[in-house]
Amino acid sequence: MSKLFRAVILGPPGSGKGTISERVASIFGLQHLSSGDFLRQNITANTEAGILAKAYIEKGALVPDHVMTRLMLPRLEEMTRHSWLLDGFPRTLAQAEALNSACDLDVVISLNIPLETLKERLRHRWIHPASGRVYNMCFNPPRVQGVDDITGEPLIQHEDDKPEALVARLRHYKDVAKPVIDLYRAKGILHMFSDTETDRIWPYVSSLLSAKIPTDHADAQRATTH
Ligand SMILES: Nc1nc2c(ncn2[C@H]2C[C@H](O)[C@@H](COP(=O)(O)OP(=O)(O)OP(=O)(O)O)O2)c(=O)[nH]1
Ligand SMILES: Nc1ncnc2c1ncn2[C@@H]1O[C@H](COP(=O)(O)OP(=O)(O)O)[C@@H](O)[C@H]1O
């Protein structure tokens, strides 16, 4: 079997990690593992980790590192036969160190988006709380204004996507992420992409992954995941 491919995508809230990860998953056949989605599944299923995490997420705080690593590392161990792209984890240096001791990463994609752009995007972001589906009233609006495409249920705006909370949240992200970015830079696997539009970043991400992922491997992955 050809070598498996392990990637991480880093970026502040609203930087387009989710959007780019979905494209990578569908084009390169990597499994998209989102810590936010996984947390929401655990909350819905009332698992021990889900119950612990819920209170933090509701407050808009980060879930403690030991809860996150206990949740994510076993999930990655289940994925020994798949290539994956991790989105939302690691978020702190402690999480990055825990991930380091569990596996070797091939590539880290880091999205560097201007603060003004992030503020503008998140202001227009609405979500379907039950599923975590994300809409942007300008970039990818729902088919019917204000309601989820799949369930028809109402969309809400996150308290922390409202303008007052945004700047503090983005500043906090930067402080926590800096040592993580520095760690991956020092390991020589960091690839930084700077622009204001996902569609302009995407061709560069795509050519990086095309160069790094052997084609036969990408085909084999697609065959097993679709
Ligand atoms: N106008 C505009 N909006 C974009 C672009 N790329 C993504 N968006 C929208 C989609 C979403 O409403 C919002 C954030 O995108 P994502 O949910 O993909 O970002 P990310 O996963 O980094 O955010 P998160 O960590 O979940 O807060 O911005 C873009 O190039 N232009
Ligand atoms: N790696 C992580 N470490 C700590 N908390 C996390 C992590 N990933 C997700 N969370 C928690 O789950 C919430 C939802 O995550 P996510 O869907 O990535 O959305 P966002 O980053 O936009 O808030 C975060 O606000 C945070 O409370």
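Which residues does Thr198 touch, not counting residues up to four places away in sequence? Thr198 touches Gly16, Thr19, Ile20, Arg23, Arg121 and Phe139, where contact means heavy atoms within 4.5 Å.

This is a predicted model, in which local features need pLDDT of at least 70, side-chain atom pairs count only at pLDDT 80 or more, and totals for chains, interfaces and linings use all residues. Residues are numbered from 1 along each chain as its sequence is written, chains are lettered from A and ligands numbered from 1 in the order in which they are written, and side-chain values use heavy atoms, with hydrogens and water left out.

UniProt, in an unreviewed entry, places the feature "binding site" at Gly14, Ser15, Gly16, Lys17, Gly18, Thr19, Arg125, Val134, Tyr135 and Thr198; such annotations may be inferred rather than shown by experiment. Two of these residues are set out below.

| Residue | Place | Relative accessibility |
|---|---|---|
| Gly16 | loop between strand E1 (6-10) and helix H1 (17-28) | 11%, buried |
| Thr198 | helix H8 (residues 198-212) | 5%, buried |

Buried means under 20% relative accessible area, with a 1.4 Å probe and protein chains only. Helices (H or I, at least four residues) and strands (E, at least two) are DSSP runs, numbered from the N terminus. Gly16 touches Leu111, Arg121 and Thr198, again not counting residues up to four places away in sequence.

Elsewhere, helix H2 (residues 35-44) and helix H4 (residues 65-77) pack at an angle of about 100°. H2 and H4 are therefore roughly perpendicular (65 to 115 degrees). Their contact is made by Ser35, Phe38, Leu39 and Asn42 of H2 and Met68, Leu71, Met72 and Arg75 of H4.

Technical notes. Axes fitted to C-alpha atoms, helices over the stretch in contact; angles between N-to-C directions. Parallel < 35°, antiparallel > 145°, perpendicular 65-115°, else oblique. Buried < 20%, exposed > 50% of the residue type's maximum accessible area, 1.4 Å probe, protein only.
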